Amino acid sequence: MAKTEQVAEAGGNVLEVSGVTLRFGGLTSLNDVSLSMGRGEILAIIGPNGAGKTSFFNSVTGAYLPQEGTIGFLPRAGGRHELRGCKPYLVSRHGVSRTFQNIRLFGALTALENVKIAVETRQKTDAVSIMLGLPHARRAERESDRRAHEVLAFVGLEGRLNELASSLSYGEQRRLEIARALATGPELLLLDEPAAGTNPTEKRDLEDLIRRINADLGVSVLLIEHDMKLVMSVADRVVVLNFGKKIAEGTPGEVQRDPAVIEAYLGASAEEDAAAVADVVAGQAASGAAEGEVKGA
């Protein structure tokens, strides 16, 4: 079964955004942005620097309060949660989790402890029960430990459980942050530039991890990423923002060919871009020929 058919079979949307506008004084960061995301989908949001991508994530997760619009999260259990103006901790409880462009881990805690903190945000044990060592508190502790081990194994960090987060490699810290987000049991996971700063091997591992999160855990993934190779390989659909407005939407192939997208990224029309590419190719060919003549002399 094709992925698009699987998404349709999953039933309805997981996220519905309508007319979201976010202003900071005289600056409009998001301008009447609307989009929908199917349950089980991997949707990428791309655009040049300053396009409004992270502002969109912050609006969905409660860090920013847009002046206009609605942001609806629709869980599998039914109903609709309005996320616009919702507190971040309530957004998480509803089933939406995220990572950040700049890694935000507790560096002085171990990988296991970082993830257990996330697990315990969904538990109902109070501080007094924990201090007294009551039976339900001990059960909750065993459950958080089990869940943390499970999530760390899923992201490939089972061998680094007791290592301080600050001692992990950059790529491992990225995976640890994803593990912490997964530990809350989200239905929708927002990944903010997860490949930033990673090497080619780590990017391939990340690509595989995103696919497994989506396919094996049934989590819908909303992705911001500048690495176009990664985006085009994992995304089912792509939305393009520029200066806070949505300028294109479609499959990766459709978006790659969209003249508005080419102009937004390169500052040239599609025709000018094609001519520029031809000039570069011709220049490289001439350079290669000249180099061959020198070597053959």
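1. The second largest pocket of this predicted model has a volume of about 200 Å³. It is lined by 15 residues, and those nearest its centre are Gly50, Ala51, Gly52, Lys53 and Thr54. Two elements give two or more residues each to this lining: strand S2 (27-38) and helix H2 (53-60). By class, the lining of the second largest pocket has three nonpolar, ten polar and two charged residues.

2. Both of those elements lead to a sheet. Four strands form an open sheet in the order S2-S1-S4-S5, and the pairing is antiparallel. S2 and strand S5 (81-82) each have a single partner strand, so they stand at the edges and one side of each is left without a neighbour in the sheet. As a reminder of what pairing involves, strands of a sheet pair through backbone hydrogen bonds, either parallel or antiparallel.

3. How many bridges join strand S1 to S2? There are eight, between S1 (residues 13-24) and S2, and the two strands run antiparallel. One pair to look for is leucine 22 with its bridge partner in S2, leucine 30. The hairpin of S1 and S2 has two residues between the strands, and here glycine 25 takes a positive phi near 65°.

4. Glutamate 16 is a useful residue for following the order of this sheet. Its bridge partner in S2 is serine 36, and glutamate 16 also stands opposite glycine 72 in S4. S1 and S4 pair in the antiparallel sense over five bridges.

5. The remaining pairing of the four-stranded sheet is that of S4 and S5, antiparallel and with two bridges. Phenylalanine 73 has histidine 81 in S5 as its bridge partner. Helix H2 lies across S1, S2 and strand S4 (68-73), and runs at about 65° to S2. H2 is thus a helix to view twice, given that it is also one of the elements that line the second largest pocket.

6. The other sheet to examine has six strands. It is open, with the order S6-S7-S8-S3-S9-S10, and its pairing is mixed. Strand S6 (96-98) and strand S10 (245-250) have a single partner strand each, so they stand at the edges, and one side of each is left without a neighbour in the sheet. On average, neighbouring strands of this sheet are turned by 20° against each other, direction ignored.

7. At one edge, S6 pairs with strand S7 (residues 188-192) in the parallel sense, over three bridges. Arginine 98 stands opposite leucine 190 in S7. Helix H7 (residues 170-182) packs on the sheet and touches S6 and S7, its direction making about 155° with that of S7. Which strands does helix H8 touch? H8 (residues 200-216) packs on the sheet against strand S3 (42-46), S7 and strand S8 (220-224), and its direction makes about 150° with that of S8.

8. At the other edge, strand S9 (residues 237-242) and S10 run antiparallel and are joined by five bridges. Valine 238 stands opposite glycine 250 in S10. The hairpin of S9 and S10 has two residues between the strands, and phenylalanine 243 in it takes a positive phi near 50°.

9. The largest pocket holds about 580 Å³ of space. It is lined by 22 residues, of which Pro88, Ser92, Ser97, Phe100 and Thr184 are the closest to its centre. Helix H3 (88-94), S6, helix H4 (111-120) and H7 are the elements that give two or more residues to this lining. Which of them gives the most? H3 does, with five residues.

10. The lining of the largest pocket has ten nonpolar, six polar and six charged residues. It draws at least three residues from each of two domains: domain 1 (12-95 + 186-269) and domain 2 (107-185). S6 and H7 both appear here as lining elements, and H7 is also the helix that touches S6 and S7 on the six-stranded sheet.

Note on methods
Residues are numbered from 1 along each chain as its sequence is written. This is a predicted model: local features need pLDDT of at least 70, side-chain atom pairs count only at pLDDT 80 or more; totals for chains, interfaces and linings use all residues. Side-chain values use heavy atoms; hydrogens and water are left out. Two strands pair if DSSP finds at least two bridges between them. Axes are lines fitted to C-alpha atoms, for helices over the stretch in contact, and angles run from 0 to 180 degrees between N-to-C directions. Contact means heavy atoms within 4.5 Å. On a 1 Å grid over the protein atoms alone, a cavity is a set of points where a 1.4 Å probe fits but cannot get out, and a pocket is an open set with protein on both sides within 12 Å along at least five of seven lines; lining residues have an atom within 4 Å of a point. Grid points are joined across faces, edges and corners, and a volume is the space filled by probe spheres set on the points. Ala, Val, Leu, Ile, Met, Phe, Trp, Tyr, Cys and Pro count as nonpolar, Asp, Glu, Lys and Arg as charged, and the others, Gly among them, as polar. Domain bounds come from an automatic or database domain assignment.
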